[in-house]
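Q: Please take a close look at the ligand site and describe what surrounds the ligand. I would like the contacts, the burial and the pocket in one connected account.

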Amino acid sequence: MNGIVLISGNGSNLQSIIDHSTAIDLDIKAVISNHSSAYGLKRAEHANIPTHTLSHKQFSSREKFDQALSNIINQYNPEIIILAGFMRILSAKFTHQYSGKMLNIHPSLLPKFPGLNTHQRVIESKERQHGVSIHFVTEQLDRGPIIAQASVDICDTDTTESLTERVLLEEHKLFPKVIHWFTQGRLKLKGNHAMLDGKVL
Ligand code: GRF
């Protein structure tokens, strides 16, 4: 299945997706970043995947940036759009255009801790559990139907760094698995529900 991956930074999730791409039947047609310095662009180049940089700073509005972004995406006619650490809030129009085929990974057990700096906020809130969620993207930030989650226990000695590292290990396993469900045609969005093999998740 043809896909596009959007990133903003290091791209460790992108790397995991690249490493699993044959096994999960994903053909990554391009990687797009809104930051030219994103290390993930190097990872894509190394894997011979075309890259694009589209800086949001060049645009006077969110809508104009999103329009330019979808112009690039649509050149590839992708069946799946994967947000792998893409740190941009997307306009409603953009999310509607790709409804049911755009997945995001978020480093918390949603609906807890939407937004930024989740690891730090989790530690400050003295939570005992943390983790990762993968969801369909809808116009509400980090609020689309949840597809899968993986949790990690929090220890008293945990720091933002140690927790980031442990959650990322889970992210790298979970995202390829969920993408595979999608490429196999097993995962769908119906109304406001994520469905796997015809059953609500
Ligand atoms: C991950 O924690 C992801 O869940 C979040 O941003 C981070 C991206 O990390 N949305 P990387 O760029 O994949 O290493």
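**The ligand and its pocket**

A: Start with the backbone: an N or O atom of Ile105 lies 3.1 Å from a nitrogen atom of the ligand. The model is a predicted one, and that applies to every distance here. Two side chains also come into play. Ser12 places a polar side-chain atom 2.5 Å from an oxygen atom of the ligand. Glu171 does likewise, with a polar side-chain atom 2.8 Å from a ligand oxygen. Burial comes next. Taken alone, the ligand exposes 370 Å². The protein buries 84% of that area.

Now the shell. Ile105, Ser12 and Glu171 are among the residues around the ligand. Asn10, Gly11 and Asn13 belong to this shell. So do Gly85, Pro107 and Leu168. By class, the shell has three nonpolar residues, five polar and one charged. Glu171 counts as charged, because Glu is put in that class. Helix 1, residues 12-20, supplies at least two shell residues. Helix 6, residues 160-183, also supplies at least two.

Step back to the space itself. Where does the ligand sit? It occupies the largest pocket. About 870 Å³ of space lies in that pocket. Its lining is made of 36 residues. Gly85, Phe86, Met87, Ile105 and Pro107 lie nearest the centre of the pocket. Helix 1, strand 5 (102-106), helix 5 (118-124) and helix 6 each give two or more residues to the lining. Which of them gives the most? Helix 6 does, with four residues. The class split of the lining is twelve nonpolar, 19 polar and five charged residues.

Some links are worth drawing. Gly85, Ile105 and Pro107 are in the ligand shell, and these residues are also listed nearest the pocket centre. Ile105 brings its backbone to the ligand as well. Helix 6 has a double part: it supplies shell residues and gives the most to the pocket lining.

Two backbone features complete the account. The peptide bond from Leu110 to Pro111 is cis, with omega near 10°. Pro111 is found in the loop between strand 5 and helix 5, and both of those elements contribute to the pocket lining. The other feature is at Asp25, which has a positive phi of about 60° although it is not a glycine. Asp25 lies in the loop between helix 1 and strand 2 (27-33).

Methods. Residues are numbered from 1 along each chain as its sequence is written. This is a predicted model: local features need pLDDT of at least 70, side-chain atom pairs count only at pLDDT 80 or more; totals for chains, interfaces and linings use all residues. Side-chain values use heavy atoms; hydrogens and water are left out. A residue is near a molecule or strand if one of its heavy atoms lies within 4 Å of it. A polar contact is a pair of N or O atoms within 3.5 Å; within protein, one must be able to donate a hydrogen and the other to accept it, and residues adjacent in sequence count only if both atoms are side-chain atoms. Accessible areas come from the Shrake-Rupley method with a 1.4 Å probe; for residues, only the protein chains shown count as cover. On a 1 Å grid over the protein atoms alone, a cavity is a set of points where a 1.4 Å probe fits but cannot get out, and a pocket is an open set with protein on both sides within 12 Å along at least five of seven lines; lining residues have an atom within 4 Å of a point. A molecule sits in a cavity or pocket if more than half of its atoms lie within 2 Å of its grid points. Grid points are joined across faces, edges and corners, and a volume is the space filled by probe spheres set on the points.
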